[in-house]
Every structure is written in C-alpha cells, then in structure tokens.
Amino acid sequence: MSRPLRVFVAGLGQMGRSHALAYHRDPGFEIVGLYNRSDIELPPELAAYPRLENFEAGLATAPDVVSINTYTDSHADLAIAAMENGAHVFVEKPLAATVEDARRVVDVARRTGRKLVVGYILRHHPSWQLFIEKARELGPPYVFRLNLNQQSCGAAWDIHKRLMQTTSPLVDCGVHYVDVMCQITDAPPVEVRGMGARLSNEIASGQVNYGHLQVLFADGSVGWYEAGWGPMMSETAFFVKDVMSPGGSASIVLGEGASSSDIDTHTKTAKIRVHRAALGADGGFAGADEWHSTADEPDHQALCEREQAFLLQAIREDIDLFRHNEDAVRSLEIVLGADMSMREGRIVKL
C-alpha cells in the first residue's frame, strides 16, 4: 500500500478548514503543517497538527501536496513556489487574480509535471453533474440564467468585506457558474459584458458588492449571471439555476425555507426539473416534465472530501489534468473580462 501523501495547508478560513478536515479524514493524506496569517480557532480534529509561522516553513517540511486556500491575489505565486519545490497543488478558486497569472501557474504545472487541481467544487457534485447532463441533452444554443446572491451580516459580512479587498463577488463566485455554462455548451466564449453597483458605504470607493454579467458563445448560446454580498441582499430569487434551449429547459429547484446565508445552500439542489419542448398532434406538450430528486446529495463538507479524493486519485493514477486546467483559465478569463467591462464601461472581446 502506498504511503500517505504529506500535505501542507495554507489558509484556514471557511474553505481551508473544510479542506484540512478532508485531509484529516482521508487515510491517503497526512497533514504535516497548517498555516494561517492570523491566529484563529480550529476544530478539535485539527488542533494537534503543527501550526507553522509562514508559507516558507511549510515548504521546508518537504510536502508532497500544498493546499492553497488564501486570498486570490496570493494564489499564483504560492502555487508556483510549491510546484517549483516539487509539490503537487490544490488551489481554491479563482486560480489567480489575472489571466496572465493563471496561465503562468498552468505553464509551471506542465513544465514540472506536478498535478494542479483547482477548487471547482460543483464538478464533484453528483446533482450538478446530472444537471449538466440533462441540459446537454436538450441541445444548443442555450440560454443560461444563473445567480447566487448572499445575504450576510456579522462575521459573514466581515468575511465578504475582506474578500472584496482583492476579489469582487462577480469573480469569486462567478467562476463556478460560468464553468457550468462552459461545460454545457462546450463552445468558445466570444464576448462578455459586466455591470455592478456599490450598495454599502462599508466598502471602499471603487469596490462593488453586486454585479452581473452577460456572456456570448460561438454557438449562439448566451449566459447571464449575477452575484451580490451584504446585509441588503434580497432572499427572493437569490438562487436561480436555469437553462433553456430549443429542446426545452432544465432547472434546479430549491426546497422550502432555503437561505442564502447557509453555505450548504450554495451547492445543494433538492430537485432538478426537465421540461421538453416537443409538442403532440393536439398542439399540447408531448410529455410531462421530468423531476429528478437529489435529496440524498452530499453536504458541503462531503463535497470538499470528494475534491481531495479526486486530487489523490489524480496523483496516484497520473490523471491528465490538461482540460481541467484549461477550463479553469477559460472561466477565469470570462469573469475577469466581465469585471473589466463593469469597471471600464465597455464590451470585452474574448
């Protein structure tokens, strides 16, 4: 049996803690150190692991894997340093703060032969995999209507305000859902437009806590996505996941009582509804809508564990991650293009 892979975890915020717990629970990994730039309380399961003073100390432990869950603007340099040190890398989304930096990271992964897995959690979610499959069955061109607005206060609003110092909601959350669009259409993006608004005096001038984008694809598909953070966000229609095409539509339908502040809501689905556009001889619909229950789907922590199981498999089985990495760059290009469009007031060609 292969020895466990030695893991150094950098960044212990909400996602970093979840990934650290995933390594703790998987016998294929052995945590050799944890690092966070500020002193925070950890779950009991993680309390016994060494707390290191900086990222360099983590690299000095000669880890097989470095898990990077820090703020976006540090992702590229830390990932490159880890791979140059001989480690495989898991990095939370977005891959980098710029497309150029994302490309640098991917190029280093190829040159060094290290595995690079980006934290696209929905790719490991069976319900989202089914949603993408059912949407693709309908055939292009598609209309994508997706959003995730998060009503936040207290500690959650503090986290959002810190995130906005480096990354807008449109970029931070958008990469997930733009990636879903790209998986469904599989056509190159052509252009993107973005708009945003500053809805709070608690964030710096020039920052926005609400934004939406429109993206056009080469096959005629069009997509819309919106994201907002803060105490002013509406709980009405905060979670829309809807795809239409000439063949019909596929939609994720949340259960009653869902709240945007519940992190599990950001990935859970409850039900998937598939509507077929075909008409019968009488002019009515030829068939009833299909309902697919997803009541037994994994929660957020279980999804993080699936992500790390994929990382382990990619390393052990030498899985080719070329498409995974290229898709991460492509989705980042779209959301950063939207962010540029929002700030400069112009259409961005891709």
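In what order do the nine strands of the open sheet with mixed pairing lie? In this predicted model, the order runs E13-E12-E11-E10-E6-E9-E8-E7-E14. The edges of this sheet are formed by strand E13 (290–293) and strand E14 (348–349), each of which pairs on one side only. Within the sheet, strand E10, comprising residues 241–245, and strand E11, comprising residues 248–253, are joined in the antiparallel sense by five bridges, and Lys241 is found opposite Ile252 of E11. Helix H8 (residues 174–185) packs on the sheet, where it touches strand E6 (143–151), strand E8 (210–217), strand E9 (222–230) and E10, and the direction of H8 makes about 165 degrees with that of E6. Helix H5 (residues 126–138), for its part, lies across E10, E11, strand E12 (271–276) and E13, and runs at about 165 degrees to E11.

A further open sheet consists of five strands in the order E2-E1-E3-E4-E5, with parallel pairing. Strand E2 (29–35) and E5 are the edge strands of this sheet, each pairing on one side only, and the twist from one strand to the next averages 20 degrees. Strand E3 (residues 65–68) and strand E4 (residues 88–92) run parallel and are joined by four bridges, with Ser67 standing opposite Phe90 in E4. Helix H3 packs on this sheet through contacts with E3 and E4, and the direction of H3 makes about 165 degrees with that of E4.

Helix H4 (residues 99–112) was examined in further detail. At 1.5 Å a residue, the 14 residues of H4 should span 20 Å, and this agrees with the end C-alpha atoms of the helix, which are 20 Å apart. The buried residues of H4 are Ala102, Val105, Val106, Val108 and Ala109; seen down the axis of H4, these buried residues fall within an arc of 155 degrees, and they therefore line one face of the helix. Such an arrangement may be read against the geometry of an α-helix, which has 3.6 residues a turn, so that residues three or four places apart point the same way. The cover over the buried residues of H4 includes helix H3 (72–84), strand E5 (116–119) and helix H10 (322–344), whereas the face of H4 turned away from the buried side carries the exposed residues Glu100 and Arg111. H4 is followed by Gly113, for which phi is positive, near 75 degrees.

Key. Residues numbered from 1 in each chain as written. Predicted model: local features only at pLDDT ≥ 70, side-chain atom pairs only at ≥ 80, totals over all residues. Heavy atoms only, no water. Pairing = 2+ DSSP bridges. Helix = DSSP H or I, 4+ residues; strand = E, 2+ residues; numbered from the N terminus. Contact = heavy atoms within 4.5 Å. Axes fitted to C-alpha atoms, helices over the stretch in contact; angles between N-to-C directions. Expected span 1.5 Å × (residues − 1). Buried < 20%, exposed > 50% of the residue type's maximum accessible area, 1.4 Å probe, protein only. Arc of directions from axis to C-beta.
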